[in-house]
Amino acid sequence: MSNSESIENGRERMLIGDFRRLYETVFPVLFRVSCRITNSEEAAEELCQEAFFRLHEKNMVFPNQDEAKYWLIRVVKNASLNYAKRKVREMRAYQRVFRENTGKVDTGEDTFIKKETRQEVLEALDKLPEKFRVVLILKEYGELNYKDIGRSLGISEGNVKVRVFRARERLEKLLSAGNNTVNA
């Protein structure tokens with residue numbers, strides 16, 4: 001064995017030893033963080049393992065073990081948050097499909113009532129002041145978030161929230177007043 005080969009073997013052993021120490025000291029922290037975010041021990045273990053695989057595959061070098069620890073924490077935190085978001089989206093999709101499959105077929109009367117109600121809402125919406133009508137249309141029909149509405153109208157996100165709230169209140173009053181005059 002040549003001198004350069006023994007030096008190279010020594011480096012590998014040192015890297016493996018460093019990796020093992022890093023794994024043994026950081027894995028419990030990563031696991032607790034991931035487990036808390038994902039609410040799943042299996043998912044947490046898998047995400048932690050994946051982070052260590054990424055570290056090893058990329059042959060990343062850090063100035064010290066703390067830097068490696070912080071990198072791993074960021075990777076596991078982000079992966080766990082993505083996992084949790086994906087699970088929420090999946091759950092909502094399943095619920096939506098389940099609700100759609102259990103829905104009843106509308107009768108002619110139901111269809112008429114829905115059409116009439118939709119017309120009443122549109123008429124009441126037209127009676128709202130423009131600043132309330134526009135934000136409500138963008139929110140409910142455009143399905144925009146408050147931030148995007150604010151950007152498109154040139155107002156603050158907080159102002160959008162207030163306007164949407166007030167628009168809904170006024171719309172509710174207009175609709176209930178319309179129902180009272182019909183019923184009276």
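The following paragraphs describe helix α5, its packing against helix α4, and the surroundings of Q65.

This is a predicted model, in which local features need pLDDT of at least 70, side-chain atom pairs count only at pLDDT 80 or more, and totals for chains, interfaces and linings use all residues. Residues are numbered from 1 along each chain as its sequence is written, and side-chain values use heavy atoms, with hydrogens and water left out.

Helix α5 comprises the 12 residues 130-141; helices here are DSSP runs (H or I, at least four residues), numbered from the N terminus. At 1.5 Å a residue, α5 should span 16 Å, and its end C-alpha atoms are 15 Å apart, which agrees. The expected span is 1.5 Å times one less than the number of residues.

The buried residues of α5 (under 20% relative accessible area, 1.4 Å probe, protein chains only) are F132, V135 and L136. They cover an arc of only 100° around the axis, which puts them on the same side of α5; the arc is taken from the directions from the helix axis to the C-beta atoms. On the other side, E130 and Y141 are exposed, that is, over 50%.

Helix α4 (residues 108-127) packs against α5 at an angle of about 145°, with the axes 9 Å apart. Axes are lines fitted to C-alpha atoms over the stretch in contact, and angles run from 0 to 180 degrees between N-to-C directions. The contact (heavy atoms within 4.5 Å) involves V121, L122, L125 and D126 of α4 and R133, L136, I137 and Y141 of α5.

Elsewhere, Q65 lies in helix α3 (residues 65-102). Leaving aside neighbours within four places in sequence, Q65 is in contact with D18, R21, L22 and T25.

Notes:
Helix = DSSP H or I, 4+ residues; strand = E, 2+ residues; numbered from the N terminus.
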